[in-house]
Amino acid sequence: QRRVYGCSALGAVFMTSVLWAAVNTVVRGWSAHSFDGLLVTHYSHEFYAKPQFRCPPYLIGIATAIIWHEKSRRYPRFKVSNRTAGFVMVAVVMVLAGLVYGPVSAYQRRPCNYFEPPNPECGSNWSTWSLVLFNSLAKPAWAMALAVLLLLSLNNQGGPVQQFLSHPFFTPLAKLSFAAYLLHPLVINCWFLSRTQKVRFTPLDFILKVVAVCAASFGTGLIAMMLVESPTSRLSKALERSLAGGGRGGNRDKQANVATSGGPPPQQQQPGKHEGGKEAEAREEQAKLGTEQREQ
């Protein structure tokens, strides 16, 4: 019942955030397209930086963890058919590609300046309802597609996409990704706010800027991981082990292990001097069985 309440709360907050984003896009005139000038300025300050509008992807992540936990607990061997998994994975890739390349029509004119609203000469020229759908549903759709991809991959049914994303090349980048995510706004602000001339947009210049920001973000993320994240992680793990291994909690764990194994711990099942060889072997087999049950 608590799970039902929790999932219902997630769904309610999710729908509230999506609907609120849609309504405010109409009322306040928001646009996520970088060429829309004044609408982007409003979007950046009033939408992009606000947790009530950024929360849907995080809620989808929480729901994904709940789904995988329940699946692993109740249906550990469940798998969809290979044909279904392949079809779903193709649909996921198409959704992700559509969200990345679909808005290309918003960038066919010159960009408006920061205080210039879109007009026939600049901006995306998207209708209000197109902006409503994009602002309110693009990020949740991206998160849902990633959630489906993750669930299929965890179930070892991700196909070529899973094999590609599981390549060891991505391991160090994955370890640095969170630090890079936290630090990349600082890198961008330090760079652009220190400029002394206007930015001129060209495709090559944009690509080089992306490469530079990524390199600087992951580089500073590496420093943060070595100086902050890694030592803190080791300290927290050591603290958790010390708390789990001592005190009443440790005694309760030992008692639970004894109850699960159906008898005393192996060290208490050593045969005495009066026991014969067959009884000693039986005791050892019982101890091994208890150990296997505890590990399972």
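## A look at helix H4

Which residues are exposed on the other side of H4? They are Arg 83, Phe 87, Met 94 and Tyr 101. To see what "the other side" refers to, let's walk through the helix, keeping in mind that this is a predicted model.

Helix H4 takes in residues 82-101, which makes 20 residues. From the first C-alpha to the last, H4 reaches 28 Å, close to the 28 Å expected at 1.5 Å a residue.

## The buried side of H4

Four residues of H4 are buried: Ala 85, Met 89, Val 92 and Leu 96. They sit on the same side of H4 because they cover an arc of only 60° around the axis. If that spacing looks like a pattern, here is the background: an α-helix has 3.6 residues a turn, so residues three or four places apart point the same way.

What do the buried residues of H4 pack against? Their partners are helix H5 (128-154) and helix H6 (159-165).

## Two loops with a positive phi

Now for the loops that follow. Asn 125 lies in the loop between H4 and H5, and its phi is positive, at about 65°, although Asn 125 is not a glycine. Asn 125 counts as exposed because its relative accessibility is 52%, and the cut-off for exposed is over 50%.

Move on to the loop between H5 and H6 and you'll meet Asn 156. Here phi is near 60°, again a positive value in a residue other than glycine. With a relative accessible area of 57%, Asn 156 is exposed.

## Helix H8: a buried serine

Ser 217 belongs to helix H8, which runs over residues 203-245. Is Ser 217 buried or exposed? Ser 217 is buried, since its relative accessible area is 3%, and buried means under 20%.

Which residues does Ser 217 touch, leaving aside neighbours within four places in sequence? Ser 217 is in contact with Ala 180, His 184 and Val 187.

## A nonpolar patch on the surface

Finally, there's a nonpolar patch on the surface, with an area of about 480 Å². Phe 201, Phe 206, Ile 207, Val 210 and Val 211 make it up.

Take Phe 201, one of the residues in this patch. You'll find Phe 201 in the loop between helix H7 (170-192) and helix H8. Phe 201 counts as partly exposed, because its relative accessibility is 48%, and partly exposed covers what lies between under 20% and over 50%.

Methods. Residues are numbered from 1 along each chain as its sequence is written. This is a predicted model: local features need pLDDT of at least 70, side-chain atom pairs count only at pLDDT 80 or more; totals for chains, interfaces and linings use all residues. Side-chain values use heavy atoms; hydrogens and water are left out. Patches are made of residues with over 30% relative accessible area and no salt bridge: like charges are joined within 9 Å, nonpolar side chains (Val, Leu, Ile, Met, Phe, Trp, Tyr) within 5 Å. Accessible areas come from the Shrake-Rupley method with a 1.4 Å probe; for residues, only the protein chains shown count as cover. A salt bridge is a side-chain nitrogen of Lys or Arg within 4 Å of a carboxyl oxygen of Asp or Glu. Buried means under 20% relative accessible area, exposed over 50%, partly exposed in between (1.4 Å probe, protein chains only). The expected span of a helix is 1.5 Å times one less than its number of residues. The arc is that of the directions from the helix axis to the C-beta atoms. Contact means heavy atoms within 4.5 Å.
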